[in-house]
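The following dialogue is a request for guidance on reading a sheet and its charged contacts.

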Amino acid sequence: MTEKEKMLAGMLYDPSDSELTELLLKARKLARRYNQIDEDEQEKRISVLRELLPNSPHLPSLQAPVYFDYGCNTYFGKFCGTNFNFTCLDVCPVYIGDNVLIGPNVTLATPMHPLLPEERNVRQREDGSYYNLEYAKPITIEKDCWLAANVTVCGGVTIGEGSVIGAGSVVTRSIPPYSLAVGNPCRVIRKLTEADKMK
């Protein structure tokens, strides 16, 4: 298996692999370019997003600045939007459903590191160069969710359809559909119901 295949499969992999380094650099350059384009230059913004998010048939509305590890591993549904400082560490796939709203300073972090230091520490190759191993777990945010400001979603998490994640939450475990969840670690406070309709 290639290092990219290992990465996408959630196995330990070498992030300094040349193919991965090239993809990472491309995404970082595209994100920087996007962040420098004024909001009234929509055609330029769309052109860069098409390169940055080649596997998203529906381009989201992204308030700059944005940051991606790879971009190509993130899949947006229809009518999604993010506020300022969206960070998506898409080492494993990130699936974002239709009509997902993402507040400012939200981080989606798929990368993981081994718990034992001997597995995560830097090591040396025979040629004298150094590397370390990491792995990742995918993130899924189902349709109609809202992630408020300063939310962090960790790898391996699914946020169920229609859920709301309160500001400042750190989501380490999956959240069932139509839940209001808050805190660090994020916990379900209650179900969302018809009673939550605006009067």
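The exchange below takes up the strands, then the salt bridges.

Q: What should be known about the model before reading it?
A: This is a predicted model, in which local features need pLDDT of at least 70 and side-chain atom pairs count only at pLDDT 80 or more, while totals for chains, interfaces and linings use all residues. Residues are numbered from 1 along each chain as its sequence is written, and side-chain values use heavy atoms, with hydrogens and water left out.

Q: In what order do the 7 strands of the open sheet lie?
A: Strands are DSSP runs (E, at least two residues) numbered from the N terminus, and two of them pair if DSSP finds at least two bridges between them. Here the order is β1-β4-β7-β14-β17-β19-β20, with mixed pairing. Because β1 (61-62) and β20 (187-191) each have a single partner strand, they stand at the edges, and one side of each is left without a neighbour in the sheet.

Q: How many bridges join β4 to β7?
A: Strands β4 (residues 81-82) and β7 (residues 101-102) run parallel and are joined by 2 bridges. Thr82 stands opposite Ile102 in β7.

Q: How many salt bridges are counted?
A: Side chains of opposite charge can pair when their charged atoms come close. With a salt bridge taken as a side-chain nitrogen of Lys or Arg within 4 Å of a carboxyl oxygen of Asp or Glu, the count is 7.

Q: Which residue forms a salt bridge with Arg190?
A: The partner is Asp196, with the closest N and O atoms 2.9 Å apart. Exposure is read from relative accessible area (buried under 20%, exposed over 50%, partly exposed in between; 1.4 Å probe, protein chains only). Arg190 is partly exposed at 38%, and Asp196 is partly exposed at 33%.

Notes: Helices (H or I, at least four residues) and strands (E, at least two) are DSSP runs, numbered from the N terminus.
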